[in-house]
Amino acid sequence: MFRTILLAIDGSKYSEKAVELAKQLATATNDEVVVTHVTELLPARFQTYPGLDFEADREVIELTRSYLAELEEAGIKARIELRSAQFGGVARLLTNLAEDLDAGLIVMGSHGRGDLTALLLGSVAHKVLHLRQRPVLIAR
């Protein structure tokens with residue numbers, strides 16, 4: 001149906017729900033799931049140590065691998081795409097990745113950032129909805 005489902009995760013409880021939705025859809029449609037996590041890189045002026053951003057995301061990157069194993073265990077064809085984006089560029093990177101993969105659907109959680117940060121900066125999910133060229137399924 002979708003051929004490829006781009007599943008964006010960030011380690012939040014909402015992304016856990018997104019994994020379940022993608023799993024149900026892929027099981028029903030026999031589509032491939034591309035599990036992705038984007039590490040948001042801080043501007044150089046805020047970063048004291050090179051590589052700090054990836055260290056902070058190590059837990060979520062490991063979680064990405066466990067989601068891959070869970071999907072494969074369920075008989076779903078899946079793979080991982082780990083990326084990084086400059087601060088504020090995660091939504092654009094996700095929509096571009098969906099285009100590059102010719103993903104028929106993007107599945108993601110409603111917000112991974114704290115509510116206050118999302119209110120001030122706008123959530124990634126909200127930005128993806130405005131940038132998208134493809135259907136987006138938001139898990140709440």
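Which residues does G109 touch, not counting residues up to four places away in sequence? To answer this for the predicted model shown above, it helps to begin with the strand that holds this glycine and then to walk outwards through the sheet and the helices.

G109 lies in strand β4, and its list of contacts, leaving out residues up to four places away in sequence, consists of A8, Y14, S15, A18, A125, I138 and A139. Some of these names will return below, since A8 belongs to strand β1, which covers residues 4–8, while A18 falls within helix α1, which covers residues 13–29, and A125 falls within helix α6, which covers residues 124–131. The C-alpha atoms of G109 and A18 are separated by 5.5 Å, although the two residues are 91 residues apart along the chain. With a relative accessible area of 13%, G109 is buried, because a residue counts as buried when this value is under 20%.

Strand β4 is part of an open sheet of 5 strands, whose order is β3-β2-β1-β4-β5 and whose pairing is parallel. At the edges of this sheet stand β3 (78–86) and β5 (136–139), and each of them has a single partner strand, so one side of each is left without a neighbour in the sheet. Neighbouring strands are turned against each other by 25° on average, if direction is ignored. As a general point, strands of a sheet pair through backbone hydrogen bonds, and the pairing can be either parallel or antiparallel.

The pairing can be followed in more detail on the side of the sheet where β2 stands. Strand β1 (residues 4–8) and strand β2 (residues 32–41) pair in the parallel sense over 5 bridges; in this pairing I5 has V33 of β2 as its bridge partner, and L7 has V35 of β2 as its bridge partner. Strand β2 also pairs with β3 in the parallel sense, here over 9 bridges, and E40 stands opposite A85 in β3. Strand β2 is mostly covered, as 9 of its 10 residues are buried.

At the other edge of the sheet, V136 is found in strand β5. This valine is buried, with a relative accessible area of 18%, and, leaving aside its neighbours within four places in sequence, V136 is in contact with L105, I106, M108, V128 and L129. The C-alpha atoms of V136 and T95 are separated by 10.0 Å, and these two residues are 41 residues apart along the chain.

The helices come next, and two of them can be described by the strands that they lie across. Helix α4 (residues 90–101) lies across β1, β2, β3 and β4 (105–109), and runs at about 140° to β3. Helix α6 (residues 124–131) lies across β4 and β5, and runs at about 160° to β4.

These two helices also meet each other. The axes of α4 and α6 come within 8 Å and cross at roughly 50°, and the two helices are therefore oblique to each other. Their crossing is right-handed, and the contact is made by V90, A91, R92, L94 and T95 of α4 together with V124, K127, V128 and L131 of α6. Sorted by class, the residues of this contact divide into 6 nonpolar, 1 polar and 2 charged.

A second pair of helices gives another example. The axes of helix α1 (residues 13–29) and helix α3 (residues 58–73) come within 11 Å and cross at roughly 25°; angles under 35 degrees count as roughly parallel, and α1 and α3 are therefore roughly parallel to each other. The crossing of α1 and α3 is right-handed, and the contact is made by E16, V19, E20 and K23 of α1 and by Y67, E70 and L71 of α3. By class, this contact has 3 nonpolar, no polar and 4 charged residues.

Two residues outside the helices and strands deserve a last look. R3 is found in the segment before β1, and has a positive phi of about 70° although it is not a glycine. N30 lies in the loop between α1 and β2, and has a positive phi of about 65°, again without being a glycine. R3 is exposed, with a relative accessible area of 54%, and N30 likewise counts as exposed, at 68% relative accessibility.

How values were computed. Residues numbered from 1 in each chain as written. Predicted model: local features only at pLDDT ≥ 70, side-chain atom pairs only at ≥ 80, totals over all residues. Heavy atoms only, no water. Pairing = 2+ DSSP bridges. Helix = DSSP H or I, 4+ residues; strand = E, 2+ residues; numbered from the N terminus. Axes fitted to C-alpha atoms, helices over the stretch in contact; angles between N-to-C directions. Contact = heavy atoms within 4.5 Å. Parallel < 35°, antiparallel > 145°, perpendicular 65-115°, else oblique. Left-handed = near helix turned anticlockwise from the far one by under 90°. Nonpolar A, V, L, I, M, F, W, Y, C, P; charged D, E, K, R; others polar. Buried < 20%, exposed > 50% of the residue type's maximum accessible area, 1.4 Å probe, protein only.
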